[in-house]
Every structure is written in C-alpha cells, then in structure tokens.
Amino acid sequence: MAGVAAATHLAKHGVRVTVIDRNDYLQFQPLLYQVATSQLPAEDVARPLQTLFADSPTVTVVQAEVTGADLQRRVVHTSQGDIGPADHLVVAAGSTANFFGTPGAAEHSFPLYSVVDAERLRRQLSGELRRVCLPAGAEQTAASRSADEAAAADPADRPVASQDQTTVVIVGGGPTGVETAGAVGELVDALVREGRLAGSAKVQLVDHGHALLKPFTQESQQYALAKLQKIGVDVEFGLAVTGVQADGVTLSDGSTRPAHTVVWGGGVSAPPVVANLGAPTGHGGRIDVAADLSVPGFPGVWAIGDVANIPDTHDQERAAGADSPPGHPPTLPQLGSVAVQSGEAVAHNIRAVLKGKGTEPFAYRDKGIMAMIGRNAAVAEVGRHRHEIHGPVAFIAWLGLHAMLLSGVHSRVDAFLQWANGYVHKDRAARLELDGQPDRIAWDDDSADRPTIDA
Ligand SMILES: Cc1cc2nc3c(=O)[nH]c(=O)nc-3n(C[C@H](O)[C@H](O)[C@H](O)COP(=O)(O)OP(=O)(O)OC[C@H]3O[C@@H](n4cnc5c(N)ncnc54)[C@H](O)[C@@H]3O)c2cc1C
C-alpha cells in the first residue's frame with residue numbers, strides 16, 4: 001500500500017519509477033479475514049500492479065524477489081538480477097509474522113499477513129469444518145431437532161465430542177487475533193444455528209495479557225470480549241503459547257490444548273529482506289527512519305509503511321501510548337493509513353530533493369483506530385482525540401475507512417459498499433461459505449486481468 005501510494009504520486013508528476021514486488025499484485029490486508037472464512041475470493045482483495053499502473057507510462061513493474069541491496073549505490077539485488085543504481089530507493093516491504101522463536105509456530109500455525117496466508121487458512125478451515133458438518137441440504141431443521149439437541153445449539157452448551165470435533169486456537173488478542181476470532185466464531189455460530197454441525201467446533205483465543213485490543217480503551221476491550229463470547233469464542237487470558245505442535249499448543253503454565261488449526265496473530269516484525277540491507281534497525285527489526293522518512297547515513301534512501309519505525313512527531317501525548325515499548329522512541333503503528341500517507345509524503349520529499357528543495361517531516365493525520373469483530377459489530381476510536389464508538393455505527397465507520405483506503409486501489413468503491421451491504425444483511429453465512437461461491441465484489445474487472453495467487 002505504501003509503495004503503490006508513493007509510485008502513484010511520483011508518476012503523476014512524470015517521475016520514472018520501477019516498482020519491484022514478488023507478487024504481480026497489491027494485496028488489501030484488511031479484508032484477509034473475509035478470504036480466510038470463505039466470504040470473499042482471494043482475487044477480490046488483490047489487484048494486479050500492471051492494472052494499477054496501466055495509465056502511468058513512467059512506471060515499470062518488475063515481478064521479482066528482492067534479496068538485498070547496496071544502499072550506498074542504491075542498487076537492488078533481485079531474483080531477476082540487479083536493478084539500479086537509482087537516484088532514490090524507497091523500501092516499502094511491509095511486515096511479516098513474528099513467531100518470537102516459539103518452537104513449532106512457523107511449521108504448524110497459520111499466520112494471516114498475505115492473500116496466500118489467507119487462502120491457506122481458508123482451505124484448512126473449510127476442510128476442517130466440512131469434516132464436522134452435515135452435507136448441504138441435510139441440515140437438521142429446528143422442528144426435527146429434539147429439545148435437548150436444540151439446547152445444545154446454544155454456543156455455551158456445545159457438545160465436546162472427542163471425535164468429529166475441530167478446534168481452532170487463535171494466538172493473540174490484538175486486532176488480527178480478535179478480527180480472526182470474530183470471523184471464524186461467526187461462521188461456526190451460523191453453522192450451529194443452521195443445524196449444520198454434526199460434530200462440534202470450538203474457537204479459542206489465548207493471550208498472555210489481560211485484555212483484548214491493547215491500544216483501545218477498557219470499554220472497547222470489554223465490548224470486544226462480550227461480542228466474542230456471545231458467538232461462542234472461548235477467551236483465555238494470562239497464558240502465552242510456548243509451543244505449537246501438529247495437533248495442539250503448549251501453554252506457559254505447562255498445560256496443553258488440542259488444536260486442529262492454530263492461527264498465529266502474535267505480532268509482526270520486519271520482513272527477512274531487511275536484515276540483508278544494512279540499514280539501521282530498531283524495534284521489531286524495522287528500519288529506523290528520520291522524521292522526513294529518509295534512512296540516516298544513506299542519502300537518497302527512504303523507508304515507508306510497516307517496514308519503518310516512523311517517529312510520531314505529530315502528537316507526543318498519544319505517541320507516549322501503546323505503540324512503542326519502554327526505551328524506544330514513540331513511533332507510528334503498522335496501519336494502512338500510515339502506509340498510504342507515508343507513501344504520499346515520501347513522494348513529496350523525493351520531488352522536493354529532485355527540485356533542489358528541502359524535505360518536510362512526515363505529519364500523520366490520525367483518523368483513529370478500529371477493529372471489526374463481526375457483522376455489524378466493531379469498535380472504533382475516531383480521530384486524534386479518540387472519540388469512542390461501538391456496535392453498528394462503529395461498523396459503518398470501519399466500512400467508511402476501508403472504502404477510503406480501497407480508493408487508492410480500486411475506483412469502484414461503490415462495489416465494495418454494495419458487497420458490504422449484502423455481507424451485513426444476508427444471514428446465510430454458513431451456506432454461502434461452505435457450499436457455494438462466496439459473494440464477489442462486483443469490481444467489474446476485465447476477466448483476463450486477474451492477480452496470480454499461488455497458494
Ligand atoms: C490481517 C490484517 C488486517 C489488517 N487490517 C487493517 C485495518 O483494518 N486497517 C488498517 O489501517 N490497517 C490494517 N492492517 C495493516 C495494513 O494492512 C498494513 O499496515 C499495510 O498493508 C502496510 O502497507 P505496506 O505497504 O507497508 O506493506 P504491504 O502492504 O504488506 O506491502 C509490502 C509489499 O512488499 C512485498 N515484499 C516484501 N518483501 C519482499 C521481497 N523480499 N521481495 C519482493 N517483494 C517483497 C510484498 O509482496 C508486499 O506486496 C492489517 C494488516 C493485516 C495483516
């Protein structure tokens with residue numbers, strides 16, 4: 001998102017830009033939960049880079065893996081050979097899952113940071129749910145269920161059978177863990193209500209802290225917890241996951257939990273390529289940048305978006321909050337809005353340097369933070385002063401923000417809103433998600449113009 005924003009703005013001013021990515025598409029991470037729970041096909045949240053820059057003759061897209069760089073010369077080493085030297089080099093390589101060295105986590109858990117991750121998790125979840133579900137059309141109707149069976153449909157009283165059971169453990173109660181738990185919990189809840197579950201399906205979220213959604217207020221945290229519990233998600237605090245095995249997790253108190261699917265939402269760090277760049281790094285292995293987004297010691301090199309520790313110069317009061325650990329200077333969070341705005345700002349500064357002018361510090365326009373917990377349920381703390389809203393209104397704010405973020409990727413934001421309307425109002429989740437094709441966003445793209453998603 002950051003790299004595309006920078007390239008788009010530079011291209012508008014006729015600057016020649018080479019965009020290098022291992023994928024031939026831009027991915028829209030905020031909708032990965034919907035892909036993982038079969039509510040959206042993966043190609044709807046990824047857009048070919050060639051399409052994005054079709055009307056930008058000064059942009060060249062190269063599909064290659066970046067393996068390192070010579071930052072002094074601004075030459076990039078890639079799987080397709082070296083590219084450069086360039087006058088300016090912008091690093092916008094995003095984030096990757098941080099497993100914190102937890103044994104087995106990389107091998108056995110499912111992170112959710114890319115469309116490929118989301119597609120892998122979708123296949124795993126739909127396979128597991130099919131295993132414990134009745135075939136389509138064979139659902140038990142309310143009338144045919146006995147009173148006891150009907151009572152068992154209450155999430156709190158779900159049967160815990162030793163066989164025909166699937167358990168999803170979600171590691172981490174931050175936005176990724178909560179949003180995934182909400183999406184998976186809602187899917188299971190819908191299957192229960194539709195009488196589709198022949199066995200049982202449990203969703204558990206484990207966090208070593210004592211609250212969900214750490215950057216949010218206590219009220220928002222409690223709202224999120226109540227919403228997850230209402231759809232049957234079992235939330236356990238005060239326990240860290242210390243190991244992941246093929247069939248379960250080990251917790252910090254020495255106990256184990258069986259798990260068929262472990263979703264890793266434990267945190268992010270810089271992607272591996274950063275270690276090969278020789279740039280100054282700090283918290284999370286990310287590149288420490290100056291206020292104008294330049295990388296100190298390397299003239300003409302910049303870092304933006306998730307990959308950078310961007311100083312929060314705008315609002316020291318807020319910056320002293322949750323985003324930076326003690327001993328680290330306050331930095332901006334890893335958010336789509338930071339990525340897009342820093343992309344625009346770096347383009348502005350590069351153009352200033354090209355014209356022989358001075359650069360400006362990046363001033364983030366904070367629109368707030370929000371997390372979606374499910375259909376019609378979200379928490380949002382809007383604006384710099386964190387005006388707090390919950391429930392359907394927060395969900396609408398979430399849609400608005402994401403429509404705005406998507407506008408950098410797709411011109412048909414109305415298509416996204418139309419899809420969202422169906423997503424909220426049609427209560428046919430279980431049927432759609434397991435049996436048929438998920439509702440598509442009517443982007444109206446050329447059918448040949450599809451991203452290549454190699455899962
Ligand atoms: C599940 C999830 C949900 C989220 N929800 C929200 C939300 O609701 N709201 C919000 O504001 N933010 C959200 N975010 C955060 C937001 O998506 C990110 O902050 C944003 O995408 C960061 O943009 P970026 O350009 O820095 O990185 P990315 O968008 O990740 O782009 C990095 C690019 O670099 C490429 N790349 C990396 N390494 C290499 C290499 N070695 N060679 C070649 N290419 C490489 C990748 O393929 C990728 O295309 C979410 C993130 C996740 C994971």
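Colleague: Which helix supplies the largest share of the shell around the ligand?

Modeller: That's H10, with three residues. Keep in mind that this is a predicted model, where local features need pLDDT of at least 70, side-chain atom pairs count only at pLDDT 80 or more, and totals for chains, interfaces and linings use all residues. Residues are numbered from 1 along each chain as its sequence is written, and side-chain values use heavy atoms, leaving out hydrogens and water.

Colleague: What makes H10 (336-354) a helix?

Modeller: A helix is a DSSP run of H or I with at least four residues, a strand is a run of E with at least two, and numbering starts at the N terminus. The run 336-354 passes the cut-off of four, so H10 is a helix. Helix H10 and helix H11 (391-406) each give the shell at least two residues.

Colleague: Which residues come nearest to the ligand, and what makes a residue near?

Modeller: Ala2, Asp21, Gln29, Asp306 and His402 come nearest, out of 26 around the ligand. A residue is near if one of its heavy atoms lies within 4 Å of the molecule or strand in question. By type, the shell has 14 nonpolar, eight polar and four charged residues. Here Ala, Val, Leu, Ile, Met, Phe, Trp, Tyr, Cys and Pro count as nonpolar, Asp, Glu, Lys and Arg as charged, and the others, Gly among them, as polar.

Colleague: Why is the pairing of a ligand nitrogen with a backbone atom of Arg22 called a polar contact?

Modeller: A polar contact is a pair of N or O atoms within 3.5 Å (within protein, one must be able to donate a hydrogen and the other to accept it, and residues adjacent in sequence count only through side-chain atoms on both sides). The nitrogen sits 3.1 Å from a polar backbone atom of Arg22, so the pair qualifies. A ligand oxygen is 3.4 Å from a side-chain N or O atom of Asn23, and a ligand oxygen is 3.3 Å from a polar backbone atom of Leu335. The protein covers 92% of the 990 Å² of accessible area that the ligand has on its own (Shrake-Rupley, 1.4 Å probe; for residues, only the protein chains shown count as cover).

Colleague: Why is the Phe99 and Trp264 pair called tilted?

Modeller: Rings of Phe, Tyr and Trp (its six-membered ring) pair if their centres lie within 6.5 Å; planes under 30 degrees apart are stacked, over 60 edge-to-face, and the rest tilted. This pair has 5.5 Å between centres and 55° between planes, so tilted is the label. Phe99, in the loop between strand E9 (96-97) and helix H4 (105-108), is 165 residues from Trp264 in strand E17 (residues 261-264).

Colleague: How do you know that E5 and E6 pair?

Modeller: Pairing needs at least two DSSP bridges between the strands. E5 and E6 have four, in the antiparallel sense, so they pair. One of the matches is Asp70 with Val75 in E6. Three bridges join E6 (residues 75-78) to E7, also antiparallel, and Val76 stands opposite Ile83 in E7.

Colleague: What makes E5 and E7 edge strands?

Modeller: The open sheet runs E5-E6-E7. Strand E5 (66-70) and strand E7 (81-83) each have a single partner strand, so one side of each lacks a neighbour in the sheet.
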